[in-house]
Amino acid sequence: TGVQTCALPIFLAQRISFPAIAEVVGSAMEQVRNRTVTRVSDVLDADREARSAARVEVERAVAGSGARA
């Protein structure tokens, strides 16, 4: 999904470990609020929020690994 697509390129560039992908996804999803989805715009808003949270978590993971972003 969208959150995974934020972490995967960083993993492929060897900046985070494989297990860090799951950590990034889990942490990002914990930050995204649950909501009722009734329109496509609701899905797009949730995706945007999740990707934003994932970018922050990827940066944390990179910083924790000692690699450069």
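In this predicted model, Arg51 and Asp47 form a salt bridge whose closest N and O atoms lie 2.8 Å apart. The two residues are 4 residues apart in helix α3, so about one helical turn separates them. Arg51 counts as partly exposed, at 29% relative accessibility, and Asp47 is likewise partly exposed, with a relative accessible area of 30%.

This pair belongs to a wider set, for the structure holds 5 salt bridges. Another of them joins Glu57 to Arg60, with 2.6 Å between the closest N and O atoms. Here the spacing is 3 residues within helix α3, so these partners too are separated by about one helical turn. The surroundings of the two side chains are unlike: Glu57 counts as buried because its relative accessibility is 8%, under the 20% limit, whereas Arg60 is exposed, with a relative accessible area of 54%.

A further salt bridge connects Glu49 with Arg35, the closest N and O atoms being 2.4 Å apart. This pair links distant parts of the chain, since Glu49 lies in helix α3 and Arg35 in the loop between α2 and α3, 14 residues apart. Glu49 is partly exposed, with a relative accessible area of 27%; Arg35 also counts as partly exposed, at 22% relative accessibility.

The helix that recurs in these pairs can now be considered as an element. Helix α3 spans residues 40-65 and has 26 residues. From its first C-alpha to its last it reaches 37 Å, close to the 38 Å expected at 1.5 Å a residue. Its buried residues are Asp42, Ala46, Ala50, Ala53, Ala54, Glu57, Val58 and Val62. What covers these buried residues includes α1, residues 2-12, and α2, residues 18-31.

The interior provides the remaining part of the picture. In soluble globular proteins, nonpolar side chains tend to be buried together. The largest nonpolar core of this model has 16 residues, of which Val3, Ala7, Ile16 and Val58 touch the most other members. Helices α1, α2 and α3 are the elements that give two or more residues to this core. Val58, one of the buried residues of α3, is thus also among the core members with the most contacts to other members. Ile16 offers a second example: leaving aside residues up to four places away in sequence, Ile16 touches Ala7, Ile10, Phe11, Ile21, Ala61 and Val62. Of these neighbours, Ala7 is itself named among the core residues that touch the most other members, and Val62 is one of the buried residues of α3.

Terms used
Residues numbered from 1 in each chain as written. Predicted model: local features only at pLDDT ≥ 70, side-chain atom pairs only at ≥ 80, totals over all residues. Heavy atoms only, no water. Expected span 1.5 Å × (residues − 1). Buried < 20%, exposed > 50% of the residue type's maximum accessible area, 1.4 Å probe, protein only. Contact = heavy atoms within 4.5 Å. Core = buried A, V, L, I, M, F, W, Y, C linked by side-chain atoms within 4.5 Å. Salt bridge = Lys/Arg side-chain N within 4 Å of Asp/Glu carboxyl O.
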